[in-house]
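Please open the model in your viewer, switch on a cartoon representation, and keep the sequence panel at hand. The stops below each begin with something to select and then say what is to be found there.

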Amino acid sequence: MSEVRDNLQEGEAGVRGEQPFPDQVRSTEATRPDLHGLLTTSHSSSADISPSPSAESSGLLSLPWEILTHIVSYLPVHFVVNVLPKVCHALSNVGQDRTSWQLRAQRLVGLRAAFPVGPREDFDWPGACLQMEQLITCWSGEVEHVARQNQEDEERREQAMPQDGEPGVGGQDDGGEGQVGVGVAVQEVAYGADEAMEVAVEGEEGEMQHVLGGDQVARLREELEDRLEGDAAALMEEEMDHRGVFIANEGRDAVLNHQEDLPDHRNLGNGQHVEARSPSPPPALECITLPTGHIAHVNSVLLLGGEGKVCATASRDWNVKLWDLELGSLLQTMGRQGDFSSHRGWVWCLASQGPLLASGGFDSTVRLWDLQAGGADRALIRTGAAVLCLSCQPDMLLAGTFDKRVSMYDTRAAAPLVKSIRMHSNAVMCLCADDKYIISGSKDCTVAVYDRRAGKGLKRLRLSSYLLSMSYSGCEVWAGDNGGMLHSFSMQAGTLKPVSQFDVGHTALITGIHRSPGSLYTCSSDCTVKVHIPCAPPRTLSTLHYQTGVHGLSVEAGVLAIASGDVRVQVWRPRK
């Protein structure tokens with residue numbers, strides 16, 4: 001109990017101004033209280049654990065309710081949700097205060113942003129705040145780590161540059177320092193040194209200062225081209241097999257303020273002493289690239305099982321594959337006995353519900369796989385047209401097809417087709433659903449709502465562009481269009497209302513989107529994946545850049561899987 005009181009008093013100190021809370025959530029390793037053994041150090045009864053104002057008139061619980069909730073707002077969300085309710089009844093009530101959660105959420109998204117974008121009734125405020133804190137901790141920390149690594153690499157290159165009258169050491173082909181330089185050079189050449197991939201830091205007066213100037217970039221480029229001639233291709237292949245591309249977002253939220261920790265580059269190599277700096281802390285995320293298992297582009301990726309440990313991929317090589325992400329290895333290639341591939345055409349989309357995995361392809365079929373039976377073939381459904389999107393519900397499988405239809409199937413029946421509806425005048429590109437409604441987007445630039453219980457269409461909205469990806473949770477629908485714009489809608493009682501549209505920096509088709517109460521992920525054929533907070537306007541935390549267009553993404557339990565436009569799949573997950 002004394003340790004819990006100490007943690008709360010630390011929050012009280014922040015209120016008094018001793019340790020002001022930062023605008024952005026810092027790494028939980030640095031700010032969270034030490035909770036190990038917090039509730040097991042004493043075996044006192046519940047009556048002894050729960051102090052009262054009368055028993056301790058000067059204690060924390062004797063403070064006015066407004067002050068107590070303000071103190072608790074400086075504690076991590078997971079501590080407020082999971083630990084405080086076990087301490088005493090009074091502190092458990094703090095986590096039920098809706099106003100305090102709204103204030104915390106506003107602090108996380110910023111004063112100029114609106115949150116949530118959709119209806120506020122029945123919104124999961126604690127869950128949203130928890131997801132936002134985790135998202136900021138992981139992805140903002142990753143940006144800082146990559147920026148520090150880039151700065152360290154630049155300093156090593158500057159130290160390796162030849163001084164007046166001294167032989168150059170940067171061009172050596174062997175030796176530890178030379179190898180480091182070559183590795184960095186390969187990555188810059190492979191991933192676009194010409195695309196202004198600079199990291200900006202904020203100066204003391206608030207001005208933006210570029211780490212690499214134009215002359216430095218030109219000089220480095222000339223040096224790199226000389227050093228990489230002859231063996232760049234081999235080194236590039238090795239780098240691409242082991243590392244993904246991560247480029248810090250250049251926006252306001254990715255600006256770093258750690259210039260005071262960096263040595264002045266003007267003092268490097270001129271004989272002055274430069275104080276050694278401790279190694280950069282490990283990033284909050286780790287990135288793995290699954291070994292090459294497909295021989296054509298991966299069109300779709302789907303995380304399974306609820307824990308982000310298993311992944312399914314669908315490819316233009318006609319195959320569906322299962323992957324063990326713990327081991328980073330292939331589990332199996334799905335297929336019926338006697339078949340040489342999973343489908344007889346491009347496999348375009350995936351969906352799952354429980355142990356059932358569904359794959360849809362250009363061969364005009366949906367194939368069902370039983371994951372509990374080792375991926376055995378469960379059923380083959382012929383749709384009559386290419387399948388472009390799927391949605392699995394507990395009682396129904398939905399398929400959107402090229403022939404302008406949305407079809408409903410009962411996967412348990414011998415004749416699975418329940419109903420086929422036509423609410424569009426062109427191909428159905430995306431859909432999402434719950435137990436009451438089906439929402440579909442078409443290439444005819446319309447969005448339609450169908451009432452499953454009443455068996456009729458409810459509303460049809462016309463847009464200026466067509467939607468390719470859609471995510472539906474709670475009372476909000478988010479979608480990406482063919483022009484790189486994000487659209488948000490509110491969905492209440494069968495009424496779909498446009499809320500707003502946002503430009504988050506994508507310049508081409510938004511091919512994938514995932515939205516939860518506190519997170520938003522988007523990917524595009526413009527070769528980028530972006531991570532945002534789902535406020536209005538969305539606050540972009542970071543951007544991942546790739547060499548080819550990104551075809552899809554999947555998010556589960558904080559794990560992000562990306563179909564990066566070629567035969568590889570990249571997975572970002574919290575570091576253990």
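Begin by selecting residues 519–524 and residues 528–533, which are strands E25 and E26 of this predicted model; the two strands pair in the antiparallel sense over four bridges. With side chains shown, Thr522 can be found opposite Lys530 in E26, and the bridge partner of Leu520 in E26 is His532.

Now look at the turn that links these two strands, a hairpin with three residues between them, and select Cys527, which takes a positive phi near 75° there. Cys527 belongs to the loop between E25 and E26, and its positive phi occurs in a residue other than glycine.

Which strand lies on the other side of E25 in the sheet order? Add E24, residues 510–516, to the selection: E24 and E25 pair in the antiparallel sense over six bridges, and a hairpin joins E24 to E25 through two residues. Here the bridge partner of Arg515 in E25 is Leu520, the residue that also has His532 as its bridge partner in E26.

Widen the view to the whole sheet, which is open, has four strands in the order E24-E25-E26-E27, and is paired in the antiparallel sense. Strand E24 and strand E27 (539–545) stand at the edges, and because each has a single partner strand, one side of each is left without a neighbour in the sheet. Neighbouring strands of this sheet are turned by 15° against each other on average, direction ignored.

Is E25 enclosed or open to its surroundings? Six of the six residues of E25 are buried, so the strand is largely enclosed by the rest of the structure. Both of its faces are covered, with Ser519, Tyr521 and Cys523 buried on one side and Leu520, Thr522 and Ser524 buried on the other.

Before leaving this sheet, select Ala536 and Pro537, where the peptide bond between the two residues is cis, with omega near 0°. Pro537 is found in the loop between E26 and E27. For another cis bond, go to Phe115 and Pro116, where omega is near -5°; Pro116 lies in the loop between helix H8 (98–109) and helix H9 (125–160).

Next, select residues 347–382 and find strands E8 and E11 at the edges of a second sheet. This open sheet of four strands has the order E8-E9-E10-E11, with antiparallel pairing. Strand E8 (347–353) and strand E11 (376–382) each have a single partner strand, so one side of each is left without a neighbour in the sheet, and the twist averages 20° from one strand to the next.

Within this sheet, E10 and E11 pair in the antiparallel sense over six bridges, and Trp369 stands opposite Asp377 in E11. Then select Ser364, in the loop between strand E9 (356–361) and strand E10 (365–370); Ser364 has a positive phi of about 65° although it is not a glycine.

Move on to Ser442, in strand E17 (residues 437–442), which is buried, with a relative accessible area of 0%. A polar atom of the side chain of Ser442 lies 3.1 Å from the backbone oxygen of Asn426. Leaving aside neighbours within four places in sequence, the residues in contact with Ser442 include His424, Asn426, Met429 and Tyr466.

For a helix, select H4 (residues 65–72), in which Leu68, Thr69, Ile71 and Val72 are buried. Turn the view to look down the axis of H4: its buried residues fall within an arc of 155°, so they line one face of the helix.

Finally, colour the chain by pLDDT, which averages 75, with 66% of the residues scoring at least 70. Confidence is lowest in strand E1 (residues 200–202), at a mean of 32, and highest in E25, at 97. Over residues 12–57 the pLDDT is below 50, and beyond near neighbours in sequence this stretch has 54 contacts in the model. Residues 227–280 also have a pLDDT below 50, with 93 contacts in the model beyond near neighbours in sequence.

Terms used
Residues numbered from 1 in each chain as written. Predicted model: local features only at pLDDT ≥ 70, side-chain atom pairs only at ≥ 80, totals over all residues. Heavy atoms only, no water. Pairing = 2+ DSSP bridges. Axes fitted to C-alpha atoms, helices over the stretch in contact; angles between N-to-C directions. Buried < 20%, exposed > 50% of the residue type's maximum accessible area, 1.4 Å probe, protein only. Arc of directions from axis to C-beta. Polar contact = N/O pair within 3.5 Å; in protein donor to acceptor, adjacent residues only side chain to side chain. Contact = heavy atoms within 4.5 Å. pLDDT = per-residue confidence, 0-100.
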